[in-house]
Amino acid sequence: MTEQGENLSDVLLKISSFNELKSAIPSSITSKLAEGDAGVEKTIGLLISLTPFAPAPATFGRDAFDNIVAVDYKTGEPLPGEEQQRMLDVALEAGFVQKAD
């Protein structure tokens, strides 16, 4: 788990194994995407999908998020609209992405 006051993104940069990654992501985030291991897998898929984008302050449009990030990582197909929105909400809340001013 993340240490109190430490940014989740900073913690993720220090990960050296898949098991560390799985345990570093708080269930308060993963449970918003799905229950149990499915939530962990979806969160990891979200993180993997974000890797091609430069770190903040780089920006990308909502269409890029929906077509590249908010996809079923197994099939590559875009998720239904409400799941795309949930994924965006989680990404914003967790600090994985930021809204442009």
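## Second largest pocket

Helix α4 (36-50; helices being DSSP runs of H or I with at least four residues, numbered from the N terminus) gives the most to the lining of the second largest pocket, with five residues, and both α4 and α6 supply at least two residues each. In this predicted model, local features need pLDDT (the predictor's confidence in each residue, from 0 to 100) of at least 70 and side-chain atom pairs count only at 80 or more, whereas totals for chains, interfaces and linings use all residues. Residues are numbered from 1 along each chain as its sequence is written, and side-chain values use heavy atoms, without hydrogens and water.

Among the 14 lining residues, Lys42, Val71, Asp72, Tyr73 and Leu79 are the closest to the pocket's centre. By class, the lining comprises seven nonpolar, one polar and six charged residues, where Ala, Val, Leu, Ile, Met, Phe, Trp, Tyr, Cys and Pro count as nonpolar, Asp, Glu, Lys and Arg as charged, and the others, Gly among them, as polar.

## Contact of α5 with α6

Arg62, Phe65, Asp66 and Val69 in α5 meet Gln84, Gln85, Met87, Leu88 and Ala91 in α6, contact meaning heavy atoms within 4.5 Å. This contact has five nonpolar, two polar and two charged residues.

## Confidence

The protein averages a pLDDT of 83, and 88% of the residues score at least 70. Mean confidence is lowest in helix α1 (residues 8-13), at 77, and highest in helix α3 (residues 27-30), at 92.

Technical notes. 1 Å grid on protein atoms, 1.4 Å probe; cavity = no way out; pocket = protein on both sides within 12 Å on 5 of 7 lines; lining within 4 Å.
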